[in-house]
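User: Hi! Could you walk me through this structure? I have some questions as we go.

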Amino acid sequence: MKNLFINKSPKMSQRSFVTFLLTFSLFLMVVSSLVLFVLPHGRICYWNDFRIWGLGKDQWEAVHVIGGFVMLLSGFFHLYFNWNVLISFLKKRTMSLALAFLAAFGFLTGSALEIPPFSMVMAWSESAKSSWVAEPPPVPHFEFRTLRQIADEESISLESMTGKLKKAGFEHFEADESLQTIAERYGRSPAELYRVMEGKRARQSGEKGRRGKGRRSEQGR
């Protein structure tokens, strides 16, 4: 008896591959979209080295973009292999095609104009991004400052800063390397290294936090 589950046709094999590739790329797009939906804004994410499933914001953005290209390519071949079937189907479903086009156009327009309910989705994203417990960097892109630049900007002895890093176990670095580079080498965040170095902005932030806690405790009494 012929086995109906074995397909020896090369064309059908290609169709199956493209169908599965399209499905998996769609899955990657959905997952990466949800992750980017909740991850904090770049300045917070990079400074605190937030990760989901071991991947940082840049890596998830790469997964999202490359997944989109794979989905586009596999979608093209999916249309190519099923073109005749698609045309035959569309001839019988012109109303459905028109409604689907109008719905897609409505989603695009509503999103661009930021009108409800589309604006609500982005508001949920902003709320999710803001829910992470994190400290902001002293200034945007501060993680790209080198140790020498930080010492010059804050009028701190470079030897004092590097000494504190070495004492905390960060021994392999150069003065002209950025906080980001050194943090990645040790699997830590730039914020952690900056606190170890006891930069002026870190001390000011700590003092503000202590004053805030003091005021709250006084109000409680």
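Analyst: Happy to. One place to start is Phe 101, which is found in helix 5, residues 94-113. Keep in mind that this is a predicted model.

User: Is Phe 101 buried or exposed?

Analyst: Phe 101 is exposed, at 58% relative accessible area; the cut-off for exposed is over 50%.

User: Which residues make the nonpolar surface patch with Phe 101?

Analyst: Its partners there are Met 95, Leu 99, Leu 102 and Phe 105, and the patch comes to about 600 Å².

User: Let's move on to helix 9. Which of its residues are buried?

Analyst: In helix 9, residues 179-186, the buried ones are Leu 179, Gln 180, Ile 182 and Ala 183. They span an arc of only 165° around the axis, so they sit on the same side of helix 9.

User: And what covers the buried residues of helix 9?

Analyst: The cover includes helix 2 (42-48), helix 7 (147-154) and helix 10 (190-197).

User: OK, helix 10 then. Why do its buried residues line one face?

Analyst: The buried residues of helix 10 are Pro 190, Ala 191, Leu 193, Tyr 194 and Met 197. Looking down the axis, they fall within an arc of 160°, so they line one face of the helix. As background, an α-helix has 3.6 residues a turn, so residues three or four places apart point the same way.

User: What comes just after each of these two helices?

Analyst: Just after helix 9, Gly 187 has a positive phi of about 65°. Helix 10 is followed by Glu 198, where phi is also positive, near 55°.

User: Switching to charges: how many salt bridges are there?

Analyst: There are five salt bridges. One of them joins Glu 177 and Arg 185, with the closest N and O atoms 2.5 Å apart. Glu 177 is buried at 18% relative accessibility, while Arg 185 is partly exposed at 41%. Arg 188 also has a salt bridge, with Glu 192, where the closest N and O atoms are 3.2 Å apart.

User: Last topic, aromatics. How many pairs does the structure hold?

Analyst: It holds eight aromatic pairs. Among them is Trp 53 with Trp 60, a tilted pair at 6.0 Å centre to centre and 55° between the planes. Trp 53 is exposed at 69% relative accessibility, whereas Trp 60 is buried at 5%.

User: Which residues do ring pairs link into a cluster?

Analyst: That cluster is Trp 47, Phe 142 and Tyr 194. You've met Tyr 194 already, as one of the buried residues of helix 10.

How values were computed
Residues numbered from 1 in each chain as written. Predicted model: local features only at pLDDT ≥ 70, side-chain atom pairs only at ≥ 80, totals over all residues. Heavy atoms only, no water. Buried < 20%, exposed > 50% of the residue type's maximum accessible area, 1.4 Å probe, protein only. Helix = DSSP H or I, 4+ residues; strand = E, 2+ residues; numbered from the N terminus. Arc of directions from axis to C-beta. Contact = heavy atoms within 4.5 Å. Patch = residues over 30% accessible without salt bridge, like charges linked within 9 Å, V, L, I, M, F, W, Y side chains within 5 Å. Areas by Shrake-Rupley, 256 points an atom, 1.4 Å probe, with all protein chains shown as cover. Salt bridge = Lys/Arg side-chain N within 4 Å of Asp/Glu carboxyl O. Phe/Tyr/Trp six-rings, centres within 6.5 Å; stacked < 30°, edge-to-face > 60°.
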